[in-house]
Amino acid sequence: AEKTAFIDEQGAYTYGELARRVDLAAGALRELGLDAEQRVVLGLLDTIDFPTAFLGAIKAGIVPIPVNTLFQPLDYAFILADSRAKAAIVSAELLPAYEEAARLASWTGRLIVSDPRGTLADSRYATLAALMERATPVAEAAPTRPDDVCFWLYSSGSTGKPKGTLHVQTSMIRTAELFAQDVLGIREHDVVYSAAKLFFAYGLG
């Protein structure tokens, strides 16, 4: 629990801290009214809120969809409509693009803002930190099965509209076992710097 799990520009976080954040994020999403197998778009930069929201959604049985932070509002609008997401958790820097996307898609889901720097001045939106602060932590993971959908990733859209690819609950552990451990030889004391952003399949893995 005391080992470092994640480092961003705000500092380092241990596995214990991350586990507590994941439990609170799972509770926050459930208390917002999201149910198992419903989708939540993650328009997040590479901060601690990314693994917090991604793993928190999965623990609650909700399906996270990490999205390219370099997309334009029209791309986001397509994904919001196509995925039928009930909510989107977005970094404060990307909020204007998602507001425009919601308008273009006539999307009526809930926008939640990740604001680790405390720069958000718009009181219309709840922040992830505030929702977690008052959430009841989830102790037990949702009873998903190995072949249940765990998360979606959208393609880049270079050959047309982005396509949503569904990944099952066993996908990520297989990535860790078959690639990270067997191919790269990563072990528990290694520190990994990912040049690929976390919304990319490679960075996420």
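## Exercises on a sheet and its helices

Five strands, all paired in parallel fashion, make an open sheet with the order S4-S3-S5-S6-S7. Strands here are DSSP runs of E with at least two residues, helices are DSSP runs of H or I with at least four, and both are numbered from the N terminus. The model is predicted: local features need pLDDT of at least 70 and side-chain atom pairs 80 or more, while totals for chains, interfaces and linings use all residues. Residues are numbered from 1 along each chain as its sequence is written, and side-chain values use heavy atoms, without hydrogens and water.

**Exercise 1. Find which strands stand at the edges of the sheet.**

Step 1. Two strands pair if DSSP finds at least two bridges between them.

Step 2. S4 (63-66) and S7 (126-127) each have a single partner strand, so one side of each lacks a neighbour in the sheet. These two are the edge strands.

Step 3. S4 is joined to S3 (residues 39-43) by four bridges, and the two run parallel. Within this pairing, Val41 has Ile65 of S4 as its bridge partner.

**Exercise 2. Describe how H1 and H2 pack.**

Step 1. Two packed helices are described by the angle between their axes and the distance between the axes. Axes are lines fitted to C-alpha atoms, for helices over the stretch in contact, and angles run from 0 to 180 degrees between N-to-C directions.

Step 2. For H1 (residues 15-31) and H2 (residues 49-59) the angle is about 60° and the axes are 7 Å apart. H1 is therefore oblique to H2; angles under 35 degrees count as roughly parallel, over 145 as roughly antiparallel, 65 to 115 as roughly perpendicular and the rest as oblique.

Step 3. Residues in contact (heavy atoms within 4.5 Å) include Leu18 and Arg21 of H1, and Leu55 and Lys59 of H2.

**Exercise 3. Decide whether H2 is largely enclosed or not.**

Step 1. Buried means under 20% relative accessible area, exposed over 50%, partly exposed in between (1.4 Å probe, protein chains only).

Step 2. Nine of the eleven residues of H2 are buried, so this helix is largely enclosed by the rest of the structure. Among them are Phe50, Phe54 and Ile58.

**Exercise 4. Locate Glu37 and state whether this residue is buried or exposed.**

Step 1. Glu37 sits in the loop between H1 and S3.

Step 2. Its phi is positive, near 75°, in a residue other than glycine.

Step 3. The relative accessibility of Glu37 is 56%, so Glu37 counts as exposed.
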